[in-house]
Structures are given as C-alpha cells and as structure tokens.
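I opened this notebook to record contacts, nonpolar cores and charged pairs. The entries follow the order in which I looked them up.

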Amino acid sequence: MKKIELEIVALSHSITQTHSYAVVLGEVNGLRRLPIVIGGFEAQAIAVALERMSPSRPLTHDLMKNFMMAFNVELHEVVINDLQEGIFYSKLICSSQNDTVEIDSRTSDALALAVRFGCSIFTYENILDSAGILMENDEKKKKTTVPITTETGGKDDLQRLSIEELHTLLNEVLEQEDYIRAIAIRDEIKTRK
C-alpha cells in the first residue's frame, strides 16, 4: 500500500467535550484532513514539542527520546497503520546500527515522538477514506448557516438535519477549527451512506 505523508496542522481544544482535544493531521500537498481525538496529557505533550518549550524536568516523551538517543536508536517515521472501531493504531519505525524494527504505539504517543524527532508521519489511503475530511478550496466555499438546536450540536440534533445541511455544517465547523464537532458530523454523514 502506498503511504501518504501527513503533517500536524492544528491542535484544538473541544468546546463541547471537557478534557478532549483533537490533533488534526493534514495531507502534505493535499486537501484532506485527519482529525484524531486525544486526551489532555497527550495534547500537552504534543503542544510542548510543537512550541519547542523546555520544561525544567523531562516529560515522558522527552525521556523516551533521551533513552533512544542514549542507545543510538533513531526514529525514522511514524505510520498510522490501522483504524478499528474509531481507534487509530500506529507504529514507530526505528533503527539501530544492527536492525530496523517496528514498534506498536498509541497514535498520540507516536505523534508526540514524531514532533520531538522531526520525523515524517504517514498513513494509508483506506484510513484517509474512512476517517478523513476533505477541505474545500477557498473559491468553492459557500456561506450558509444551518441552525443547531443546542449549544453542543449533539447526536440527536445532527440526526434531524438533511445530508445537505450536514455537509454545510461540516464546512462551517471546519472553518471554526472545531474538529471535535467535525468528527461527529462526519460520522453522522457516514452512517447515512
């Protein structure tokens, strides 16, 4: 299978779900986005590395990087290789002088290490097809509003909307970078197909 390179394009806090964050990966030279819901600690680990902050004591992912470097283990790439029941699975492709190995990892941990090592992040077409969101070109964007009956835009509210209204709402929440709501809307659209 052909690997598709991704990059971290956003890290956002969920307004609707407490302690939930979304890391958004964007297709390099493409319009597709892959939002992944992660916890607060994982979001902090990624944010610290993205912002190049230096905590006084190493965080867990910093410790892991230091450990790998001390034993001459290099992280070459991260591959998001599977999606089962809404859970992403990843592997770290590492090498030492003698061997190259693939190590299973939670996707949030893999991304935190990828940022620290500056290595590439990849996934496969089937994962982008099933969980990705296609961003529209700026010239194609339409400005229409779809009313939501509650602040959170819960599942019941989404079920009341037509497929056209769902697509419009998806574009609006993506413009607002509310990726948690975008995931819920994407899932509702997929259940209707």
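**Contacts and cores**

I looked up isoleucine 36 and found that it touches Tyr21, Ala22, Val23, Leu25, Ile80, Phe88 and Thr107, leaving out residues up to four places away in sequence; contact means heavy atoms within 4.5 Å. The model is predicted: local features need pLDDT of at least 70, side-chain atom pairs count only at pLDDT 80 or more, and totals for chains, interfaces and linings use all residues. Residues are numbered from 1 along each chain as its sequence is written, and side-chain values use heavy atoms, with hydrogens and water left out.

I then turned to the largest nonpolar core (buried Ala, Val, Leu, Ile, Met, Phe, Trp, Tyr and Cys residues joined through side-chain atoms within 4.5 Å). It has 30 residues, of which Leu25, Leu34, Ile36, Leu75, Val78, Ile80 and Ile121 touch the most other members. Helix 3 gives the most to this core, six residues (helices are DSSP runs of H or I, at least four residues; strands are runs of E, at least two; both are numbered from the N terminus).

**Salt bridges**

I noted 10 salt bridges in the structure, each a side-chain nitrogen of Lys or Arg within 4 Å of a carboxyl oxygen of Asp or Glu. Arginine 106 and glutamate 42 pair at 3.0 Å, N to O. Arginine 106 lies in strand 6 and glutamate 42 in helix 1, so this pair ties together parts 64 residues apart in sequence. Glutamate 42 is buried at 15% relative accessibility, whereas arginine 106 is partly exposed at 46% (buried is under 20% relative accessible area, exposed over 50%, partly exposed in between; 1.4 Å probe, protein chains only).
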